[in-house]
Amino acid sequence: MNEAEPSAAAVAQLIRKIRAEGITAVFVENLSNPVVLQRLAADAGVRVRGQLYSDALSAPDGPASTYETMFRHNVELLVRAMHSESA
């Protein structure tokens with residue numbers, strides 16, 4: 001989600017879609033405000049499974065300080081979420 005606050009109707013529609021599709025996890029993006037996504041996840045009954053990096057790298061001592069570590073970090077989070085849901 002971007003910085004714009006979604007309307008109540010948009011959030012309700014997204015919650016219905018999450019439930020209809022059987023989605024069990026969502027991820028925070030490193031450049032956005034996580035508050036809306038955390039509220040959406042709670043309302044939809046899904047878990048926020050971590051922070052993905054896409055448009056910017058992390059700080060030099062962070063988990064995604066290079067393109068390679070960013071890719072590894074994101075894939076690890078996604079695979080961990082998929083694996084835990086299939087068990």
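Is Met82 buried or exposed? Met82 is exposed, because its relative accessible area comes to 54% and anything over 50% counts as exposed. Keep in mind as you look around that this is a predicted model. Met82 sits in helix α3, which covers residues 67-86. There it has company: together with Tyr67, Phe71, Val75, Leu78 and Val79, Met82 makes a nonpolar surface patch of about 600 Å².

Let's step back and take in the whole chain. Reading along the sequence, you go through α-β-α-β-α, so the tally is 3 helices and 2 strands. If you box up the C-alpha atoms along the principal axes, you get roughly 40 × 35 × 15 Å. The chain has 87 residues, and 29% of them are buried. Its accessible surface is about 5800 Å², with carbon and sulfur atoms accounting for 57% of that. As for how the chain comes back to itself, take the contacts between residues at least 6 apart in sequence: 48% of these join residues at least 24 apart.

Back to helix α3, this time for residues that are covered. Asn74 belongs to this helix, and despite its polar name tag on your screen, look at the number: Asn74 is buried, with a relative accessible area of 13%. What does Asn74 touch, leaving out residues up to four places away in sequence? The answer is Gln51, Leu52 and Tyr53. Strand β2 runs over 47-52, so you can follow the chain from that strand to Asn74's partners with your eye.

Met70 is another residue of helix α3. Met70 is buried, at a relative accessible area of 9%, whereas Met82 is exposed at 54%. Setting aside residues up to four places away in sequence, Met70 touches Tyr53, Ser54, Leu57, Pro63 and Ala64. Take Leu57 from that list: Met70 and Leu57 are 13 residues apart along the chain, and their C-alpha atoms are separated by 6.8 Å. Tyr53 turns up among the contacts of Met70, and also among those of Asn74.

Now for the loop between β2 and α3, where you'll find Asp55. Asp55 is exposed, with a relative accessible area of 63%. Exposed or not, Asp55 has contacts elsewhere in the sequence: Glu29, Asn30 and Leu31 are touched by it, not counting residues up to four places away. Where does Ala25 lie relative to Asp55? The two are 30 residues apart in sequence, and their C-alpha atoms are 21 Å apart in space.

Next come the charges. The chain carries 8 positive and 10 negative side chains, and the centres of these two sets lie 9 Å apart. How many salt bridges does the structure hold? There are 3.

Start with the pair in helix α1, residues 8-21. Glu21 and Lys17 meet through their side chains in a salt bridge, at 3.8 Å from N to O. Why is this pairing easy to trace along the helix? Glu21 and Lys17 are 4 residues apart in α1, so about one helical turn separates them. Glu21 is exposed at 52% relative accessible area, while Lys17, at 47%, is partly exposed.

The story carries on in helix α3. Arg72 and Glu68 form a salt bridge with their side chains, 3.1 Å from N to O. Here too the spacing is 4 residues, which means about one helical turn between Arg72 and Glu68. Arg72 counts as exposed at 56% relative accessibility, and Glu68 is partly exposed at 48%.

Further along helix α3, Arg80 pairs with Glu76 in a salt bridge whose closest N and O atoms are 2.3 Å apart. Arg80 and Glu76 are 4 residues apart in the helix, so they too are separated by about one turn. Both count as partly exposed: Arg80 has a relative accessible area of 42%, and Glu76 comes in at 48%.Put these pieces of helix α3 together as you turn the model. Asn74 at 13% and Met70 at 9% are buried, while Met82 and Arg72 are exposed.

Terms used:
Residues numbered from 1 in each chain as written. Predicted model: local features only at pLDDT ≥ 70, side-chain atom pairs only at ≥ 80, totals over all residues. Heavy atoms only, no water. Patch = residues over 30% accessible without salt bridge, like charges linked within 9 Å, V, L, I, M, F, W, Y side chains within 5 Å. Areas by Shrake-Rupley, 256 points an atom, 1.4 Å probe, with all protein chains shown as cover. Salt bridge = Lys/Arg side-chain N within 4 Å of Asp/Glu carboxyl O. Buried < 20%, exposed > 50% of the residue type's maximum accessible area, 1.4 Å probe, protein only. Contact = heavy atoms within 4.5 Å. Lys, Arg positive; Asp, Glu negative; His and termini not counted. Charge placed at Lys NZ, Arg CZ, Asp CG, Glu CD.
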